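The exercises below are meant to be worked with the sequence and the coordinates open side by side. Each task is followed by a solution that proceeds step by step.

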Amino acid sequence: MNLIKYEGKLVRIMSTNGDMFEGTVGDYCYPEDDGSNLEMIVVDVTKGKYVGQPVGFYEKDIKSIEIIS
């Protein structure tokens, strides 16, 4: 999915379970750094569920992602 391009960007994510999140991507995790072999980003959530918390998203859990600024 090439999630590394979102690092440091303000994004809107629609998860595969239908939840919407907005926030800044604070960290990118390479697939080989995790036993799952999937890319992952950590979003500092500012809108949606879990406001004020960092939330990790594996590529398989993201239905759509867009840069909003």
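**Exercise 1. Follow the pairing of the strands, beginning with the bridge partner of L10 in β2.**

Solution. In this model, which is predicted, L10 has T24 as its bridge partner in β2. That bridge belongs to the contact between strand β1, residues 10-15, and β2, where 5 bridges join the two strands in the antiparallel sense. The hairpin of β1 and β2 has 4 residues between the strands, and G18 takes a positive phi near 95° in it.

The next step goes from β2 to β3, which run antiparallel and are joined by 8 bridges. Here D27 has V42 in β3 as its bridge partner. Strand β3, which covers residues 40-48, pairs in turn with β4 over 5 bridges, again in the antiparallel sense, and V43 stands opposite V55 in β4.

**Exercise 2. Assemble the whole sheet and determine which strands stand at its edges.**

Solution. Start from the inventory: the protein has 5 strands and 0 helices, and from the N terminus on its elements run β-β-β-β-β. In space, the strands form an open sheet with antiparallel pairing and the order β4-β3-β2-β1-β5. The edge positions belong to β4 (54-58) and β5 (62-67), and because each has a single partner strand, one side of each is left without a neighbour in the sheet. From one strand to the next, the twist averages 40°.

**Exercise 3. Find the aromatic pairs, describe the geometry of two of them, and decide for each ring residue whether it is buried or partly exposed.**

Solution. A search of the whole structure returns 3 aromatic pairs. One of them is formed by F21 and Y50, whose rings are stacked, with 6.4 Å from centre to centre and 5° between the planes. This pair links distant parts of the chain, since F21 lies in strand β2 (residues 20-29) and Y50 in the loop between β3 and β4, 29 residues apart.

The accessibility of the two partners is then assigned with the rule that buried means under 20% relative accessible area and exposed over 50%, with partly exposed in between. F21 has a relative accessible area of 5%, so F21 is buried, while Y50, at 45%, counts as partly exposed.

Another pair, Y28 with Y30, is edge-to-face, with 4.8 Å from centre to centre and 90° between the planes. Under the rule just applied, Y28 is buried at 10%, and Y30 is partly exposed at 40%.

As a last step, the ring pairs can be followed as links, and in this way F21, Y50 and F57 are joined into a cluster.

**Exercise 4. Describe the surroundings of E22 and D61, starting from the element or loop in which each is found.**

Solution. E22 is found in strand β2, and with a relative accessibility of 10% it counts as buried. When residues up to four places away in sequence are not counted, E22 touches V11, R12, D44, V45, T46, K47 and I68.

D61, by contrast in its location, is found in the loop between β4 and β5. Its relative accessibility of 25% places D61 among the partly exposed residues. Leaving aside neighbours within four places in sequence, D61 is in contact with S15 and T16. The C-alpha atoms of D61 and M14 are 8.8 Å apart in space, although these residues are 47 residues apart in sequence.

**Exercise 5. Compare the radius of gyration of the protein with that of a compact globule, and then complete the global description.**

Solution. For 69 residues, a compact globule would have a radius of gyration near 11 Å, and the value of 11 Å found for the protein agrees with this. The C-alpha trace spans about 30 × 25 × 20 Å along its principal axes.

Turning to burial, 32% of the 69 residues count as buried. The protein exposes about 4,100 Å², of which carbon and sulfur atoms supply 49%.

The final step concerns contacts along the chain: among those between residues at least 6 apart in sequence, 43% join residues at least 24 apart.

Conventions
Residues numbered from 1 in each chain as written. Predicted model: local features only at pLDDT ≥ 70, side-chain atom pairs only at ≥ 80, totals over all residues. Heavy atoms only, no water. Pairing = 2+ DSSP bridges. Axes fitted to C-alpha atoms, helices over the stretch in contact; angles between N-to-C directions. Phe/Tyr/Trp six-rings, centres within 6.5 Å; stacked < 30°, edge-to-face > 60°. Buried < 20%, exposed > 50% of the residue type's maximum accessible area, 1.4 Å probe, protein only. Rg over C-alpha atoms; globule rule 2.2 N^0.38 Å. Contact = heavy atoms within 4.5 Å. Areas by Shrake-Rupley, 256 points an atom, 1.4 Å probe, with all protein chains shown as cover.
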